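Trainee: I would like a close look at a single part of this model, taken slowly and then set against the rest of the chain. Could you choose one helix and walk me through it?

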Amino acid sequence: MGDNPGTPVRRRADAQRNRDKLVAAASAVIAEAGTGASLEEIARRAGVGSATLHRHFPNRADLLAAVLRDRVRTLCARADDLATAAQAGAALVTWLRDVVAHAATARGLGPALTGYDSDPEFSPHAMIREAARQLLARAHQEGSIDLGVTVDEVLHLANGISLATESLPDPARRADRLVALVAGGLLRRATDKRLVARSGQVTRSGL
């Protein structure tokens, strides 16, 4: 027998659904219009009233923080999924493409939340860095990326690409293209060294 619409369980479930819809709608609207996007438009896209939005998120910063938290957790979950991929180097590149796609549509989320600290245990930078570290470690072990490549260098590449494309038309597509170009060199660097080493062994054995 289903829950009565008036029961606390049903009300909590409805409230969570509304909150999830608001966060998803806000993420989409921010990608289009930036962090100053109309709250009324966000409520409209979510299919709820403005009163419902303000009940869940009393101010704009609360809503922006929820969007950032959702996006970062999605990226970390994606990294967890890719951690078991057959090709570790390719998995890291796939994840970097997701990271720059996030940055291309974040439209000022980070700067807009400067000084905002509703959850001291939530550290976006630390979470992203740890996700990158795990994927890079697998690629190092696989030998598809040179051992000299550090997690900070990988994240600096992603950040640089994001900054270089954020003001261009269709930044997500352009950023993805640059990741593909950089990844070609990143992955070939280790592969070429192995080929050089092998060719040297063949030459020595043939002498």
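Mentor: Let us begin with the yardstick that the reasoning needs: the expected span of a helix is 1.5 Å times one less than its number of residues. Applied to helix 7 of this predicted model, which covers residues 124-142, the rule gives 27 Å for 19 residues, and because the end C-alpha atoms are indeed 27 Å apart, the expected and computed spans agree.

With the length settled, we can turn to the sides of helix 7, where the buried residues are I128, A131, A132, L135, L136, A139 and H140. The spacing of such a list is best read with a general point in mind: an α-helix has 3.6 residues a turn, so residues three or four places apart point the same way. The cover over the buried residues of helix 7 includes helix 4 (60-82), helix 5 (88-106) and helix 8 (151-165). Just after helix 7 comes G143, whose phi is positive, at about 90°.

Helix 5, one of those covering elements, can be put through the length check as well: its 19 residues should span 27 Å at 1.5 Å a residue, and the end C-alpha atoms are 27 Å apart, which agrees. Its buried residues are A88, G89, A91, L92, V93, W95, L96, V99, V100, H102, A104 and A106. Just after helix 5, R107 takes a positive phi of about 50°.

The next step is to see what these helices contribute to the interior. The largest nonpolar core has 54 residues, and I42 and W95 are those with the most contacts inside it. At least two residues of this core come from each of helix 1 (8-33), helix 2 (39-46), helix 4, helix 5, helix 7, helix 8 and helix 9 (171-206), with helix 4 giving the most, at 11 residues. As general background, nonpolar side chains tend to be buried together in soluble globular proteins. Aromatic rings call for a separate remark, since a search of the whole structure finds 0 aromatic pairs, although R69 does lie over the face of F122, at 5.2 Å from the ring centre.

Stepping back to the whole protein, the secondary structure comes to 9 helices and 0 strands, and buried residues make up 35% of the 207 residues. Of the contacts between residues at least 6 apart in sequence, 69% join residues at least 24 apart.

Two further places deserve attention. The loop between helix 8 and helix 9 holds D170, which has a positive phi near 50° although D170 is a residue other than glycine; at 42% relative accessibility, D170 counts as partly exposed. Towards the other end of the chain, UniProt lists residues 38-57 as "DNA-binding region" in an unreviewed entry, and in the model that span is 75% helix and 0% strand, with its end C-alpha atoms 14 Å apart. T52, which lies in helix 3 (residues 50-56), counts as buried because its relative accessibility is 12%, below the 20% cut-off. Leaving aside neighbours within four places in sequence, T52 is in contact with N18 and L22.

Methods
Residues numbered from 1 in each chain as written. Predicted model: local features only at pLDDT ≥ 70, side-chain atom pairs only at ≥ 80, totals over all residues. Heavy atoms only, no water. UniProt positions renumbered as here; feature names shortened; annotations may be inferred. Helix = DSSP H or I, 4+ residues; strand = E, 2+ residues; numbered from the N terminus. Buried < 20%, exposed > 50% of the residue type's maximum accessible area, 1.4 Å probe, protein only. Contact = heavy atoms within 4.5 Å. Phe/Tyr/Trp six-rings, centres within 6.5 Å; stacked < 30°, edge-to-face > 60°. Lys NZ or Arg CZ within 6 Å of the ring centre and 35° of its normal. Core = buried A, V, L, I, M, F, W, Y, C linked by side-chain atoms within 4.5 Å.
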